[in-house]
Amino acid sequence: MRLFRSGVGVLYSALLLAAIWGRAEAHGYLTGSFPPAKAHLKTAPHTIKLHFSLRADARYSTVDLEDDDGAVLASKTQQRASRDMDMSAPMLAPGRYHVRYRILSPDGDVVRGKIDFIVDE
């Protein structure tokens, strides 16, 4: 009987951990970008590219390109659910820039982040 109880306890613990792990895996997160975070680029990028672990919801997921003063230079709203978000970048002078993103994960959580990069002179 005691062996049965400990087996049930182990099974219950394993199921609980699986449920928690599955919930954590449902959150989307950034897996890659161009330009990469903290990059020093010799030439300004023509396109900003973000790649996420899960498909970002369309119509709510956005990306903004800002200069160091916080002025928005370009903005895009996701047109379809996808793991990738691409945005054309305007001509950028040498300086520091910020890419801010907001995605809606399939589980309903909003994920925000920022990538900084520098265009060298």
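## Ground rules

Partly exposed, as used here, sits between buried, which is under 20% relative accessible area, and exposed, which is over 50%. Aspartate 116 has a relative accessible area of 26%, so aspartate 116 counts as partly exposed. One thing to keep in mind throughout: this is a predicted model.

## The five-stranded sheet

Let's start with the open sheet of five strands, which has the order S2-S8-S7-S4-S5 and mixed pairing. Strand S2 (39-41) and strand S5 (72-77) sit at the edges with a single partner strand each, so each has one side without a neighbour in the sheet. On average, neighbouring strands here are turned by 20° against each other, direction ignored.

At the S2 edge, S2 and strand S8 (residues 110-119) run parallel and are joined by three bridges. One residue pair to look up there is histidine 40, whose bridge partner in S8 is isoleucine 118. At the S5 edge, strand S4 (residues 62-67) pairs with S5 in the antiparallel sense, this time over five bridges. Valine 63 has lysine 76 in S5 as its bridge partner. The hairpin of S4 and S5 has four residues between the strands, and glycine 70 takes a positive phi near 95° in it.

## The three-stranded sheet

There is also an open sheet of three strands, ordered S1-S3-S6 and paired antiparallel. Strand S1 (30-34) and S6 are its edge strands, each pairing on one side only. Neighbouring strands in this one are turned by 15° against each other on average, again ignoring direction. S3 and S6 are joined by six bridges and run antiparallel; threonine 47 stands opposite serine 88 in S6.

## The nonpolar core

Which residues have the most contacts inside the largest nonpolar core? They are Leu50, Leu65, Val99 and Phe117, in a core of 21 residues. At least two residues of this core come from each of S2, strand S3 (47-56), S4, strand S6 (82-88), S7 and S8.

Valine 99 is a handy place to zoom in. Leaving out residues up to four places away in sequence, valine 99 touches Ile48, Leu50, Val63, Asp64, Leu65, Gly113, Lys114, Ile115 and Phe117.

## Isoleucine 103

Strand S7 (residues 95-104) also holds isoleucine 103. Its relative accessibility is 1%, so isoleucine 103 counts as buried. Setting aside neighbours within four places in sequence, isoleucine 103 is in contact with Gly28, Phe52, Ala56, Ser61, Met85, Asp109, Val110 and Val111. Leucine 54 is 49 residues away along the chain, and its C-alpha atom is separated from that of isoleucine 103 by 9.9 Å.

## Salt bridges

Side chains of opposite charge can pair when their charged atoms come close. How many salt bridges does the structure hold? The count is two.

One of them is between glutamate 66 and arginine 100, with the closest N and O atoms 2.8 Å apart. This pair links distant parts of the chain, since glutamate 66 is in strand S4 and arginine 100 is in strand S7, 34 residues apart. Glutamate 66 counts as buried because its relative accessibility is 10%, while arginine 100 is partly exposed with a relative accessible area of 36%.

Lysine 114 and aspartate 116 also meet through their side chains in a salt bridge, at 3.6 Å from N to O. Lysine 114 is at 42% relative accessibility and so counts as partly exposed. Aspartate 116, as noted at the start, is partly exposed at 26%.

Methods: Residues numbered from 1 in each chain as written. Predicted model: local features only at pLDDT ≥ 70, side-chain atom pairs only at ≥ 80, totals over all residues. Heavy atoms only, no water. Pairing = 2+ DSSP bridges. Axes fitted to C-alpha atoms, helices over the stretch in contact; angles between N-to-C directions. Buried < 20%, exposed > 50% of the residue type's maximum accessible area, 1.4 Å probe, protein only. Contact = heavy atoms within 4.5 Å. Core = buried A, V, L, I, M, F, W, Y, C linked by side-chain atoms within 4.5 Å. Salt bridge = Lys/Arg side-chain N within 4 Å of Asp/Glu carboxyl O.
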